[in-house]
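Reader: Hello, I am new to this structure and would like a close look at a single part. Please pick one that helps me find my way around, and show me what lies next to it.

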Amino acid sequence: MADFDYPRQLRLLTGRDFKRVFDNAAFKVSEQPLLILSSPNDLGHPRIGFVISKKNIRRAVKRNRVRRIIRESFRLHQHELPAVDIVILARRGLDTLDNPELHRMIERCWSRLIKKAQKAHKKG
């Protein structure tokens, strides 16, 4: 049975981790209120980090809701995702989506990220 935990090793924890993704973003997946940057890693599993500014989502409750929903979706899809470091960047308007809309959007983003990674893997 697959393990669906969310331990520390599945998170980007240091500024260096985030900087590496920002500097070497191999894959970009964009929806109107969301941008996903990712960079391959050598760990054999994906890791995720969030950049959700107060400027784009004012209320902490809404920032936490967005983070919680995306984190849960990541947890459930971690075994399908390629071994990449992922940074989720929230844009204005992300907090206006209700939970089902946010789930659908992040599902689309995961599938597009998987396709882009597979395409790049076939080329390389």
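**A close look at strand β4**

Author: Let's start in β4, where V87 has G49 standing opposite it. Before going on, please note that this is a predicted model, in which local features need pLDDT of at least 70 and side-chain atom pairs count only at pLDDT 80 or more, while totals for chains, interfaces and linings use all residues. Residues are numbered from 1 along each chain as its sequence is written, and side-chain values use heavy atoms, with hydrogens and water left out.

First, some bearings. The protein chain has 3 helices and 4 strands, where helices (H or I, at least four residues) and strands (E, at least two) are DSSP runs, numbered from the N terminus. Read from the N terminus on, their order is α-β-β-β-α-β-α. Our chosen strand, β4, covers residues 84-90.

Which strands pair with β4? One is β3 (47-51), which runs parallel to β4 and is joined to it by 5 bridges; two strands count as paired if DSSP finds at least two bridges between them. The other pairing to look at is with β2, which is antiparallel and has 7 bridges. Two residue pairs let you trace that second pairing: S39 stands opposite D85, and L37 has V87 as its bridge partner. V87 is therefore a handy landmark, because it is the partner of L37 and also has G49 opposite.

Now follow β2 (residues 34-40) a step further: 6 of its 7 residues are buried, meaning under 20% relative accessible area, while exposed means over 50% and partly exposed lies in between (1.4 Å probe, protein chains only). β2 also pairs with β1 (residues 27-31), in the antiparallel sense, over 5 bridges. These two strands form a hairpin with 2 residues between them, and E31 stands opposite L34 there.

Back in β4, are its residues buried or exposed? In this strand, 7 of 7 are buried. V84, I86, I88 and A90 point one way, D85, V87 and L89 point the other way, and all of them are buried.

Helices lie against this part of the chain too. α2 (residues 60-77) is an 18-residue helix that reaches 26 Å from its first C-alpha to its last, close to the 26 Å expected at 1.5 Å a residue; the expected span is 1.5 Å times one less than the number of residues. Its buried residues are R63, R65, V66, I69, I70, S73, F74 and H77. Seen down the axis of α2, they fall within an arc of 165 degrees, so they line one face of the helix; the arc is that of the directions from the helix axis to the C-beta atoms. In general, an α-helix has 3.6 residues a turn, so residues three or four places apart point the same way. The cover over the buried residues of α2 includes β4, along with β2, β3 and α3 (99-123). On the face turned away from its buried side, α2 carries the exposed residues V61 and R68.

α3 also packs against our strand. Its buried residues are L102, M105, I106, C109, W110, L113, I114 and A117, and they pack against β1, β2, β3, α2 and β4, with contact meaning heavy atoms within 4.5 Å. The 25 residues of α3 should span 36 Å at 1.5 Å a residue, and its end C-alpha atoms are 36 Å apart, which agrees.

Between β4 and α3 there is a loop, and G93 is found in it. G93 is partly exposed, with a relative accessible area of 26%. Leaving aside neighbours within four places in sequence, G93 is in contact with P33 and N56.

Finally, step back to the whole chain around β4. Buried residues make up 43% of its 124 residues. Among contacts between residues at least 6 apart in sequence, 79% join residues at least 24 apart. The C-alpha trace spans about 40 × 35 × 25 Å along its principal axes. A compact globule of 124 residues would have a radius of gyration near 14 Å, and the chain has 14 Å, which agrees; this radius is taken over C-alpha atoms, and the globule rule is 2.2 Å times the number of residues to the power 0.38.
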